[in-house]
Amino acid sequence: MFSILILFQSYFILVDAAVDANTRISPDNNLDFYAYSQATPYSMQQLTDDDLLMGGSSHYDEKERTVPPDMSSVRQARPDFAYFMPDELRTELLRRNQMLTACANLDVAAAMPERVGDYYDLVPLDSSQANVPHKSRTFRYQTISYKATHIRTNAVCYLKRIMGCKLPTVRSYEIVEAWKKIIHANIVQLREVFLTKDFDDDQPSIIFVYDFLPCCETLQKRHFSANNSLLKGWSNPYNISGEDRPFSAGKGTNQSGLLAESLIWEYVVQISSLIRTLHAASLSCRCLHLSRLLVDGDSKTGRTKSRVWLSGVGIFDILEGTIQGAVHQHIQNDLQDFGRLILMLACNSIVGAQKEHLQTSLEIVQRSYSPDLKNLILHFLVPSNTLKPRNINECMPMIGARFYAHIDNLHVRGDILENELAKELDSGRLFRLICKLNTVLERPEHSMNQAWSETGDRYILKLFRDFIFHAIGFEGEPILDMAHIVQCLNKFDAGSHDKICLTSRDEQNVIIVSYSELHQAFERAFTELMNYGGTGTS
């Protein structure tokens, strides 16, 4: 039972508590809101009002708190990035979310079917116009790519529409299921395949559904765009035009136009890993091309990374209706494509893997990179002996200790992301707490009682809400102290035994109550709403 005291009868008994409450919410004297360890120096960086958004000082023991001797150091603590994720990561996540939620304009949306299978909200990715096909150099069919949303799971997916092609009925289900089982960190997973006439074509289209990866670009766009050409004029080692040139032309290739060897080895480790997974399942890539390999990030914005995904897997096998016909030959072709791909990356030129330029390309590799990289390229580029076919595991001796460096980089990045996630952990908890609290407060009517929110447990919760969000200073100015808000919510959620003084808006009622009692009152009120929601409508 809470002690409700009339102001004029017992005001002087509560003066000390009220003064203590006003002191705690004053922006000039908020020592109680920040935890100072005796081992922590006071010559730290400047503190902001948001410093405790990710965690209140209730995690510290009272005996571990010390008050700085200098009042000017009250506002000193860690900077914002110690409590919130850095702006670069936040911007990247916002850009990904923007890509996931992007919609087509009204003209394009009107030309799209409302629903294709179990997917809706189609957005064309190849062109800003609707239903503009292009012939894929990889798959040799007219294709269109879309972003769509699954109607049941609300997952955003990538739809590859292939036109003018019949889906074989022989063993198609087995082939699709075999590819759907492939789960790898560097492979865009196939979700389903189906036929549809929702586009009103003469022939049904085949739809391949994959995971949608926002903010990615192909390896070809990343490293082989017009601005990233190796060299021009006589400095170009490849005499593509066939004109007469001096003997010294292209001999002095500047390494500044080449990719860093560490980056190439990162690509080697990831691509060899996905090849190994597919070959172990008796499957083949058959699309190991620059235009099929996606890289995380965007070179235009300067946010580039080296995470690689292989897209479009399984399309050849599903269209042909077989995966066992020439799988061994396809596996050897994958290894040769792997060698050509690494050679193009090392020379930073697409023509570098052409037969007439192989000798020049190998000279560039020998002059600019380690012998291991050249040996790896030669090992997979040269056709293998039919009596002793090559295996992707044979690249491991050439990768060597670089594999450990790649693993170390992955663990470091994982630790960074976990640390950033920990900073945002309390934000979600406090948000849910505020949502639940506001379902109880100011409810106009409940169980035919119009004064439900103004009586009993709900009344002290209303006063507690005013204590947190509507606090005022000595001269009536509003207190906008984020640390005060976060600390009160943390203590309220934990059920602390600390007591606070609550005052009604008309200053006629003053209540001294602990956070534990407030938490119990909150649980009773919210449980009452929950029980009514389950039985009150019957």
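Which side chain meets that of Glu442 in a salt bridge? In this predicted model, the partner is Lys462, and the N to O distance between the two side chains is 4.0 Å. The pair links distant parts of the chain, since Glu442 sits in the loop between helix 13 (402-440) and helix 14 (456-469), whereas Lys462 belongs to helix 14, 20 residues apart from Glu442. Glu442 is partly exposed, with a relative accessible area of 41%, while Lys462 is buried, with a relative accessible area of 16%. Salt bridges that share partners join Glu442 and Lys462 with Arg465, Asp466 and Arg505 into one network.

The chain as a whole may be described next. The 538 residues of the chain include 44% that count as buried, and the chain contains 16 helices and 13 strands. Among contacts between residues at least 6 apart in sequence, 68% join residues at least 24 apart. The count of salt bridges comes to 22, whereas the count of disulfides is zero. Two of the cysteines, Cys157 and Cys501, are each buried, with a relative accessible area of 7% for Cys157 and of 7% for Cys501.

Two further salt bridges can be set beside the one described at the start. Side chains of opposite charge can pair when their charged atoms come close. Arg191 forms a salt bridge with Asp211, and the closest N and O atoms of this pair are 2.7 Å apart. This pair also links distant parts of the chain, with Arg191 in strand 7 (residues 190-196) and Asp211 in strand 8 (residues 205-211), 20 residues apart. Arg191 counts as partly exposed at 37% relative accessibility, and Asp211 counts as partly exposed at 24%.

The salt bridge between the side chains of Lys180 and Glu177, with an N to O distance of 3.4 Å, lies within a single helix, helix 5 (residues 172-180). An α-helix has 3.6 residues a turn, so residues three or four places apart point the same way. Lys180 and Glu177 are three residues apart in helix 5, and they are therefore separated by about one helical turn. Lys180 is partly exposed, with a relative accessible area of 27%, and Glu177 likewise counts as partly exposed, at 23% relative accessibility.

A charged residue without such a partner is found in helix 9 (residues 327-347), which contains Asp334. Asp334 is buried yet has no salt bridge, and the nearest side chain of opposite charge, that of Arg286, is 6.9 Å away. A polar atom of the Asp334 side chain does, however, lie 2.7 Å from the backbone nitrogen of Cys285. When residues up to four places away in sequence are not counted, Asp334 touches His279, Ser284, Cys285, Arg286 and Leu288.

One of these neighbours, His279, is among the buried residues of helix 7, which also include Ile264, Trp265, Tyr267, Val268 and Leu278. The length of helix 7 (residues 261-280) can be checked by a simple argument: at 1.5 Å a residue, its 20 residues should span 28 Å, and because the end C-alpha atoms are 28 Å apart, the two values agree. Just after helix 7, Ser282 takes a positive phi of about 60 degrees.

The backbone angle phi deserves a closer look at two other positions. Most residues other than glycine have a negative phi, and most peptide bonds are trans. Arg286, a residue other than glycine, nevertheless has a positive phi near 65 degrees. Arg286 is placed in the loop between helix 7 and strand 10 (293-298), and it is buried, with a relative accessible area of 16%. Cys215 also has a positive phi, near 55 degrees, and its place is in the loop between strand 8 and strand 9 (216-218). With a relative accessible area of 11%, Cys215 is buried.

Terms used. Residues numbered from 1 in each chain as written. Predicted model: local features only at pLDDT ≥ 70, side-chain atom pairs only at ≥ 80, totals over all residues. Heavy atoms only, no water. Helix = DSSP H or I, 4+ residues; strand = E, 2+ residues; numbered from the N terminus. Buried < 20%, exposed > 50% of the residue type's maximum accessible area, 1.4 Å probe, protein only. Lys, Arg positive; Asp, Glu negative; His and termini not counted. Polar contact = N/O pair within 3.5 Å; in protein donor to acceptor, adjacent residues only side chain to side chain. Contact = heavy atoms within 4.5 Å. Expected span 1.5 Å × (residues − 1). Disulfide = S-S within 2.5 Å.
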